[in-house]
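Let's take a walk through this model, starting from a single side chain and working outwards. Have the structure open and follow along.

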Amino acid sequence: MSGELNLLSWNVNGFRAVLRKGFGDWFAAAAPDILCLQETRVEADQVPAEWRRPPGYQTFWHSGRRRGYSGTALFTRPQPDEVQFGLGIPAFDEEGRTIIAHYADFTLINCYFPNGGRDLARVPFKLAFYDAFLATCERLRAEGRAVIFCGDVNTAHREMDLTHPKANANTSGFLPEAVSYTH
């Protein structure tokens, strides 16, 4: 690919919900070359036909095994050389959190990171996901690939990223062990 590329990323918190709130008009106006969506909460067969392959785009949907949970999608004008669903680790991949698209000049990773949970029970899962994600990025870079990552990391980097940092000091998205990955 040569020239500029309009790449957008959006955690939609439910694809069917944004469809009802003007997604079509927004999409037409934004006209991205590549659009990465996270937290789609939908399976491809639940997507209206016109959004399974809008004119001029290919779409790729990675849904979680649990219906209505997580999920990622990729809308792309340029043809990827290859598309991979997941990081190659079944425990993570069954949640539909990652789409990796290999283009001639770069590899794009669209990712929706796990939340650690209110009770912090999934923090070890979240941190293991971070490790697997970073290992994937490093492997791609070692292969000489330029890597572009977009998505929702479910972690606030600094206090200024939160409305109430003191109240969130012990939430899974602001724990020191999670934040250390984002530095």
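Start with Gln58, which has a relative accessibility of 15% and so counts as buried, the cut-off being under 20%. Keep in mind as you look around that this is a predicted model. Gln58 sits in strand β3, which covers residues 58-62. What does the side chain of Gln58 make a polar contact with? The partner is the side chain of Gln79, at 2.4 Å. Gln79 also turns up in the wider list of residues touching Gln58, once neighbours within four places in sequence are left aside: Arg53, Leu74, Phe75, Thr76, Gln79 and Pro80.

One of those contacts, Phe75, is a handy way into the aromatic side of things. Ring pairs tie Phe75 into a cluster with Trp10, Phe15, Phe23, Trp26, Phe27, Trp51, Tyr57 and Trp61. Across the model, the count of aromatic pairs comes to 23. One pair to pick out is Phe92 with Phe129, an edge-to-face arrangement with 5.1 Å from centre to centre and 80° between the planes. This pair bridges distant parts of the chain, with Phe92 in helix α4 (residues 90-93) and Phe129 in helix α5 (residues 123-142), 37 residues apart. Both rings belong to buried residues: Phe92 has a relative accessible area of 6%, and Phe129 comes in at 0%.

Now for the cysteines. How many disulfides does a search of the whole structure find? The answer is zero. Look at Cys36, though: the nearest cysteine sulfur is that of Cys150, 3.3 Å away, and Cys36 is in no disulfide. The same goes from the other end, where Cys150 has the sulfur of Cys36 as its nearest, at 3.3 Å, and is in no disulfide either. Why doesn't this pair count? A disulfide needs the two sulfur atoms within 2.5 Å, and these are 3.3 Å apart, so the pair is left out. Cys36 is buried at 0% relative accessibility, and Cys150 is buried too, with a relative accessible area of 8%.

Finally, step back to the whole fold. The protein has six helices and eight strands, and from the N terminus they run β-α-α-β-α-β-β-β-α-β-β-α-β-α. Of its 183 residues, 44% count as buried. Among contacts with a separation of 6 or more, 63% come from residues 24 or more positions apart. As for the outside, the protein exposes about 9500 Å², with carbon and sulfur atoms supplying 51% of that area.

Terms used. Residues numbered from 1 in each chain as written. Predicted model: local features only at pLDDT ≥ 70, side-chain atom pairs only at ≥ 80, totals over all residues. Heavy atoms only, no water. Buried < 20%, exposed > 50% of the residue type's maximum accessible area, 1.4 Å probe, protein only. Phe/Tyr/Trp six-rings, centres within 6.5 Å; stacked < 30°, edge-to-face > 60°. Helix = DSSP H or I, 4+ residues; strand = E, 2+ residues; numbered from the N terminus. Polar contact = N/O pair within 3.5 Å; in protein donor to acceptor, adjacent residues only side chain to side chain. Contact = heavy atoms within 4.5 Å. Areas by Shrake-Rupley, 256 points an atom, 1.4 Å probe, with all protein chains shown as cover.
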